[in-house]
Structures are given as C-alpha cells and as structure tokens.
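Trainee: Please take me through the ligand site in close detail. I would also like to see how the parts that build it are arranged.

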Amino acid sequence: MRILVIGAAGMVGRKLVERLAREGRLGSEPISQVSLVDVGAPEPPRDAPFAVDTMVADLAEPGVADQIVAARPDVVFHLAAVVSGEAEADLEKGYRVNLDAMRMLLDAIRERDGGYRPRFVCTSSIAVFGPPFPDVIDDDHLTTPATSYGTQKAMTELLLSDYSRRGFLDGIAIRLPTIVVRPGRPNLAASSFFSSIIREPLNGQEAVLPVPTDVRHWFASPRSAVGFLLHAGTLDTGLLGDRRCLNMPGVSATVADEIEALRRVGGAEAVRRIRHEPDETIMRIVSGWPRAFDARRARDLGFRADADFDEIVQVYVEDELEAPALSP
Ligand SMILES: NC(=O)c1ccc[n+]([C@@H]2O[C@H](COP(=O)([O-])OP(=O)(O)OC[C@H]3O[C@@H](n4cnc5c(N)ncnc54)[C@H](O)[C@@H]3O)[C@@H](O)[C@H]2O)c1
C-alpha cells in the first residue's frame, strides 16, 4: 500500500506519519511507501518499516498536484491548510491554499487514466458551522460558516462529495474538533489559548487566558485526531451513502473543566501560572464557535474520541512530556 500525506510537516501530519511508522500498516494492509509533501520541510520518521520520500512543494503551484499523484497512491491524506486566523487575515492565500489547491489535487486524481480511484481523506473543521447554535449540534445541522476558513472547508466538502459521486475518488471528510493540547509553541490561531493554558503551566511557564472560564468548546487530542484519520483511511465508505462529511466525536468542556484537569495533573502551582487577561477580540471570535456535538453518525461508524478532558491532558503528558519524540 502506498500512502501520500500532504501537509506532512504540520502538527497532525507529523503525528500521523509517526503512527504509520510505528504500526507499519493501515488497517490490515502492510505499507510499502509513504510520500510526505509540505511547503515546509517534512521530517521522515525514524526507523520506518517502509520506504519514505519527501518533497517540499506548494500544492497550489501548477503541476505540483500532478507530480505527487503520478505514483498513484492508494490512500491520500490531505491535511495541508492555511488555518483559521491566517485565512481570515489573508483572503487570497486562504482561498488559494484551502480551496484552489484542493481542486487541483482532485483534478490531478481525476485525470489519471485506468480507473484510478484512491481513498481520499481530508480534514475539514467544525468551522463549517456558524451561529446561531443549539446547545448540542447534531448530524443534520446546516453548514453556515461564519469565517473564510469555514467557508473554504465547506466548499471543499462539496467538491469531495461531487468527485466521489462521479467515481473519481473514494472521499471522506472528517470535521475535526479543536485539537488540544497542541505541542510546541503557541500559534496565531484565536483558539491557541485552549492549549496554552495546559501546556505552558505544565512546562513551568505562564499562560494568558483571554476569555471567561465558563466558555465551552469542542475538543479532541492529537492522538484521537490521528485515530480518526486512520479509521477514515480504512472505513467501508459504502456505509456513508452520499453523506461523506462527518462531525467527529470529541469532548465538550469549559475552560473551568480544563483548569480542573490541569490541577489534577500539575497541582495548584500549575493553575497559578494562568494569568487572566480578558481580550475583547478573542472573546468575540470564541462566542461564534460551537460548544458541543452529538456526533452519533461518526460514533456508530466506529470513530472514537477521548473520554474526557483529563484524558486529553494525559495524552499530552504521555506523548509530549514522557515519551521521547520518534522524529529526529
Ligand atoms: N488543529 C486543529 O485544531 C484543527 C481543527 C480542525 C481542522 N483542522 C485541520 O486539520 C489539518 C491539519 O491541521 P494542523 O493543526 O496539523 O495544521 P498545521 O498548520 O500544523 O499544518 C498544516 C500544514 O500544511 C502545510 N501547508 C500549508 N499550505 C501549504 C501548501 N500550499 N502546500 C503544501 N503544504 C502546505 C503547512 O506548511 C503545515 O505544515 C488542516 O487541514 C486543518 O485545517 C485542524
């Protein structure tokens, strides 16, 4: 089995590739080759039991999509994206990477001859939904995005569904919750503080909390995100019917729940490292975000998330603070 990972240098991409290298197979199929593509240099995993090649390329540049699907990968994981804050700040870049590049990729697959029809897994987002929200969003909720990022993701979902219906590929889009605890340094996403208030205190540093503690949001760990991707890569898509875009399960938690989970792992000292500093702009953005889902369809199809926020913190401790990174 040959696998192509686009966006392989990103947070989720790196973790997916590490897991593939550990397991050596996708479902029951041994992996023979993994191709890593990213506009930043992707790092090949250490000791992978399969061949790995890497390519630094901008997927939105003409010809790149053709080049990377020429080897006819059996499974494509498309994770490359400009994330929410940047897509809002730079309209052209957001549409170029999040929409145009996806269309180029789908067309490059369509234009292969000889009945080529790979499994195509892409990461959408709960940002496809916009207010007003019910307390719990179900599988039939309308997609009315309130940001350019959410709009781009919703458009790619339509493309994926249509190209699947026409038989060019076997697509599935998974709408990820906000992934916490994001390892490494804070990024520019407005959601960054959800990770910072756990990560920084556990590393002896101060974190800023810009919103009230009763803010509720929808979360999953990076480990769960990788689990979703692997499951989407092997799932019987016949079970999806014509609805190939799925809300992923997750944990609905308030900032107060996060802080209590931090206290149970890091004690009162860790909690004291959170500085409350209200930020009107971030509060306004966050008030337009979903709070909870009933992701029944995905659960019935076998997608599994963390049990609660304690488990999300535990995953961070195990994968980032205790385990040595697999990548060099
Ligand atoms: N992290 C989250 O909370 C979250 C939530 C919902 C959806 N998602 C989606 O999941 C996917 C992965 O998220 P992540 O957190 O790993 O993001 P990330 O920003 O860490 O990784 C994205 C990667 O895409 C690459 N990329 C950007 N433009 C590119 C281009 N033109 N050509 C090639 N590569 C390009 C970047 O260099 C980066 O390595 C994205 O599609 C994102 O929209 C993430």
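Mentor: Here is a walk from the ligand outward to the helices and loops. Keep in mind that this is a predicted model.

Start with the shell of residues around the ligand. It holds 25 residues. Of these, Val12, Asp38, Asp58, Tyr149 and Arg182 come nearest. By type, the shell has 15 nonpolar residues, six polar ones and four charged ones.

Next, look at polar partners. Lys153 uses its side chain: a polar atom there sits 3.0 Å from an oxygen atom of the ligand. Leu79 offers its backbone instead, with a polar atom 3.0 Å from a ligand oxygen. Ile179 also brings in its backbone, where an N or O atom is 2.8 Å from an oxygen atom of the ligand. How much of the ligand does the protein cover? On its own, the ligand has 830 Å² of accessible area, and the protein covers 87% of that.

Now ask which elements supply the shell. Helix H1 (11–23), strand S7 (119–125), helix H5 (148–165) and strand S9 (178–179) give at least two residues each. Strand S7 has the largest share, with three residues.

Follow H5 away from the ligand. H5 packs with helix H4, residues 91–110. Their axes are 9 Å apart and the angle is about 10°. Angles under 35 degrees count as roughly parallel, so H4 is roughly parallel to H5. The H4 side of this contact includes Leu91, Tyr95, Leu99, Met102 and Leu106. The H5 side includes Tyr149, Met155, Leu159, Leu160 and Tyr163. Tyr149 thus appears twice: it meets H4, and it is among the residues that come nearest to the ligand. Residues in the contact of H4 with H5 divide into ten nonpolar, six polar and three charged.

Finish with the loops. Most peptide bonds are trans, and most residues other than glycine have a negative phi. Three places here deserve a look. The peptide bond from Pro131 to Pro132 is cis, with omega near 5°. Pro132 belongs to the loop between S7 and H5. Another cis bond runs from Val180 to Val181, with omega near 0°. Val181 lies in the loop that links S9 and helix H6 (192–202). Then there is Asp47, which is not glycine, yet its phi is positive, near 55°. Find Asp47 in the loop between strand S4 (33–38) and strand S5 (51–56).

Methods: Residues are numbered from 1 along each chain as its sequence is written. This is a predicted model: local features need pLDDT of at least 70, side-chain atom pairs count only at pLDDT 80 or more; totals for chains, interfaces and linings use all residues. Side-chain values use heavy atoms; hydrogens and water are left out. A residue is near a molecule or strand if one of its heavy atoms lies within 4 Å of it. A polar contact is a pair of N or O atoms within 3.5 Å; within protein, one must be able to donate a hydrogen and the other to accept it, and residues adjacent in sequence count only if both atoms are side-chain atoms. Accessible areas come from the Shrake-Rupley method with a 1.4 Å probe; for residues, only the protein chains shown count as cover. Helices (H or I, at least four residues) and strands (E, at least two) are DSSP runs, numbered from the N terminus. Ala, Val, Leu, Ile, Met, Phe, Trp, Tyr, Cys and Pro count as nonpolar, Asp, Glu, Lys and Arg as charged, and the others, Gly among them, as polar. Axes are lines fitted to C-alpha atoms, for helices over the stretch in contact, and angles run from 0 to 180 degrees between N-to-C directions. Angles under 35 degrees count as roughly parallel, over 145 as roughly antiparallel, 65 to 115 as roughly perpendicular and the rest as oblique. Contact means heavy atoms within 4.5 Å.
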